[in-house]
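Visitor: I would like to go through a protein model step by step. Please show it first, and then I will ask about its parts.

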Amino acid sequence: MTEHTIDGQAATVLARLEERDAREREQGVARALRLRQVTPDVGRFLHVLVLASHARSVLEIGTSGGYSTIWLALAARATRGSVVSLELDPVKVRLAREDVAAAGLSEVVEVVEGDAFAYLRDRRQPAQFVFLDAEKEDYLAYLDLIVPLLVPGGLLVADNLLSHAGDLAAFRARALAHPRLSAVVVPIGRGELLAVRTA
Ligand SMILES: C[S@@+](CC[C@H](N)C(=O)[O-])C[C@H]1O[C@@H](n2cnc3c(N)ncnc32)[C@H](O)[C@@H]1O
């Protein structure tokens with residue numbers, strides 16, 4: 001956490017989560033127990049994109065401890081929007097809610113506990129910004145649920161396109177060739193797909 005525009009409370013929580021994530025990776029903590037969060041530059045990338053697109057309706061798939069959620073929420077607070085973040089693991093849900101509260105962002109964020117697929121199938125409200133960061137084998141199936149929810153001009157960002165290039169090859173091909181998306185893979189962090197929903 002180096003940049004200066006993030007307020008003190010949130011900066012403290014982001015720095016703590018960065019330290020924990022780095023320590024867990026170094027110690028080889030089991031995958032299901034680790035935070036597995038985005039890199040700080042990707043956190044900032046999400047923040048910039050929400051601000052630049054003036055997105056008010058932000059949806060995140062894969063909350064973990066709330067690190068990327070906090071970056072999204074800081075931007076959503078500025079756009080007078082809100083973030084709905086989906087998480088299956090009750091332990092992570094509790095942690096994320098605590099972290100979001102400690103960052104002073106509870107009013108902006110709703111962490112929804114449960115299966116993202118069930119939520120997405122039932123959701124009718126369109127989204128202006130979607131961040132996808134759950135299990136890689138599910139990305140292709142998520143794509144079919146996300147695209148209809150995106151408003152024209154809405155953005156989709158998906159993590160791990162480069163770190164999991166093999167696992168995500170079919171997803172990448174489908175997203176890049178999708179008739180309702182214009183998409184590119186940006187080589188920051190672990191590789192971010194950035195797509196806009198075309199009219
Ligand atoms: C890579 S981590 C998310 C990291 C987070 N975006 C960050 O940067 O701080 C992926 C998370 O997705 C959650 N997840 C996996 N499958 C899910 C599903 N079907 N529904 C909801 N959450 C799911 C996992 O429990 C895990 O916490």
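Guide: One term first: a residue counts as near a molecule if its C-beta atom, placed from the backbone, lies within 6 Å of it. Keep in mind that this is a predicted model.

Visitor: Which residues come nearest to the ligand?

Guide: The shell around the ligand holds 19 residues. The elements that give two or more residues to this shell are α3, β2 (82-87) and α5 (116-122). Those that come nearest to the ligand are Q37, G62, Y67, S68 and A116.

Visitor: How many residues of that shell are charged?

Guide: The shell divides into three classes. Seven of its residues are nonpolar and five are polar. The charged residues number seven.

Visitor: Which strands stand at the edges of the sheet?

Guide: Strands of a sheet pair through backbone hydrogen bonds, either parallel or antiparallel. Here seven strands form an open sheet with mixed pairing, in the order β3-β2-β1-β4-β5-β7-β6. Each edge strand has a single partner, so one side of it is left without a neighbour in the sheet. The strands at the edges are β3 (109-113) and β6 (181-186).

Visitor: Which residue of β7 stands opposite L156?

Guide: β5 and β7 run antiparallel, and four bridges join them. L156 is in β5, which spans residues 150-158. Opposite L156, in β7, stands A195.

Visitor: What angle does the direction of helix α6 make with that of β4?

Guide: Helix α6 covers residues 139-146 and packs on the sheet. It touches β1, β4 and β5. The angle between the directions of α6 and β4 is about 175°.

Visitor: Which residues of α2 are buried?

Guide: Helix α2 has 14 residues, 40-53, and reaches 20 Å from its first C-alpha to its last, close to the 20 Å expected. What covers its buried residues includes β1 (57-61), α3 (67-78), β4 (127-132), β5 (150-158) and β7 (192-197). The buried residues are V42, G43, R44, L46, H47 and V50.

Visitor: Is R80 buried or exposed?

Guide: R80 is found in the loop between α3 and β2, and has a positive phi of about 65° although it is not a glycine. A residue is exposed if 12 or fewer other C-beta atoms lie within 10 Å of its own. R80 has 9 such atoms within 10 Å, so R80 is exposed.

Visitor: Why does R36 count as partly exposed?

Guide: R36 lies in the loop between α1 (8-27) and α2. Burial begins at 20 other C-beta atoms within 10 Å, and exposure means 12 or fewer. R36 has 19 C-beta neighbours inside 10 Å, so R36 counts as partly exposed.

Definitions and conventions:
Residues numbered from 1 in each chain as written. Predicted model: local features only at pLDDT ≥ 70, side-chain atom pairs only at ≥ 80, totals over all residues. Expected span 1.5 Å × (residues − 1). Contact = placed C-beta atoms within 7 Å. Nonpolar A, V, L, I, M, F, W, Y, C, P; charged D, E, K, R; others polar. Pairing = 2+ DSSP bridges. Axes fitted to C-alpha atoms, helices over the stretch in contact; angles between N-to-C directions.
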